[in-house]
Amino acid sequence: MIEEIGETEATEETEAAILAGGCFWGMQDLLRRIPTVSSTRVGYTGGDVQRPTYESHGTHAEAIEIVFDPKLLSYRQILEFFFRIHDPTTRNRQGSNIGTRYRSAIFYLSQAQRHTAEATIVDLDASGVLPSPVVTTIEPAGQFWEAEAEHQGYLERHPAARACRHIRPGWRWSAASDPGIA
């Protein structure tokens, strides 16, 4: 299904993942640091507006596209780290940010990704490390609308800005949830 998206930067040697977990600036800042991630970009997906913008995006989620080498980093590892950097137990909310733009969602690009996402959530719920069940939705990927240039790499360009994502210190439910960043 990657070809249907048309805008992904994945190649035959790489794989893309599209995830939403609230503030896309903070997610991008953390995910881009994983040594085997080749690129990231923020945008909007999963909603009802054509050509969404930051100010007008309807029901789209703030999302991030991650391109990585699956020989060096698995999709499961990406998902385990994703669950470590946001709260997957609150529906349409991350902290004080409320609305569908801040929902937790996995937008799968293949049936293999869908099955991996489902299994990862089952395993995370069974682990007991979260206080409530995971409410992250698993949805087929649709059009990924790249966010405006000023939102790409925002925290990299504005290091003094308040980061809206943090890695949960010492939180691990599997060895894979630490892909090698501090």
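This passage describes the nonpolar cores, strand pairing, salt bridges and selected loop residues of a predicted model.

Residues are numbered from 1 along each chain as its sequence is written, and side-chain values rest on heavy atoms, with hydrogens and water left out. Because the model is predicted, local features require a pLDDT of at least 70 and side-chain atom pairs count only at pLDDT 80 or more, whereas totals for chains, interfaces and linings use all residues. Helices (H or I, at least four residues) and strands (E, at least two) are DSSP runs, numbered from the N terminus.

The largest nonpolar core comprises 25 residues. A nonpolar core is here a set of buried Ala, Val, Leu, Ile, Met, Phe, Trp, Tyr and Cys residues joined through side-chain atoms within 4.5 Å; buried denotes under 20% relative accessible area, exposed over 50%, and partly exposed the range in between (1.4 Å probe, protein chains only). The residues with the most contacts inside this core are L19, L31, I66, F68, I78 and I106. At least two core residues are supplied by each of strand 1 (15-21), helix 2 (24-31), strand 3 (61-68), helix 3 (75-84) and helix 4 (111-127). Helix 3 makes the greatest contribution, with six residues. Contacts of I78 (heavy atoms within 4.5 Å) are made with A17, L19, V37, I66, F68 and L73, residues up to four places away in sequence not being counted. Another core, of eleven residues, lies apart from the largest one and includes A16, A20, V67 and F107. In soluble globular proteins, nonpolar side chains tend to be buried together.

Strand 1 is largely enclosed by the rest of the structure, because seven of its seven residues are buried. Both of its faces are covered, with E15, A17, L19 and G21 buried on one side and A16, I18 and A20 buried on the other. Strand pairing (at least two bridges found by DSSP between two strands) joins strand 1 to strand 3 through six bridges, in an antiparallel arrangement. Within this pairing, I18 has E65 of strand 3 as its bridge partner. Strand 1 also runs antiparallel to strand 6 (residues 104-108), to which four bridges join it. Here the bridge partner of L19 is I106; L19 and I106 are also among the residues with the most contacts inside the largest core.

Eleven salt bridges are present in the structure, a salt bridge being a side-chain nitrogen of Lys or Arg within 4 Å of a carboxyl oxygen of Asp or Glu. Side chains of opposite charge can pair when their charged atoms come close. R41 and E65 form one such bridge, at 2.8 Å from N to O. R41 lies in strand 2 (residues 37-45) and E65 in strand 3, so the pair ties together parts that are 24 residues apart in sequence. Both R41 and E65 are buried. A network of salt bridges links D29, R32, R33 and E156. In this network, D29 meets R32 with an N to O distance of 2.9 Å, and the closest N and O atoms of R33 and D29 are 2.7 Å apart. D29 is buried, at 11% relative accessibility, whereas R32 and R33 are partly exposed, with relative accessible areas of 30% and 40%, respectively.

Q152 is located in the loop between strand 8 (145-146) and helix 5 (154-157). Its relative accessible area is 16%, and Q152 is therefore buried. A polar contact (a pair of N or O atoms within 3.5 Å; within protein, one must be able to donate a hydrogen and the other to accept it, and residues adjacent in sequence count only if both atoms are side-chain atoms) connects the side chain of Q152 to the backbone oxygen of A147 at 3.1 Å. With residues up to four places away in sequence excluded, Q152 touches Q28, R41, V42, E146, A147 and R157.

Two further loop residues have positive phi values. Most residues other than glycine have a negative phi, and most peptide bonds are trans. R51, in the loop between strand 2 and strand 3, has a phi near 55 degrees and is exposed, with a relative accessible area of 62%. N92 has a positive phi of about 55 degrees and is found in the loop between helix 3 and strand 4 (93-94); at 28% relative accessibility, N92 is partly exposed.
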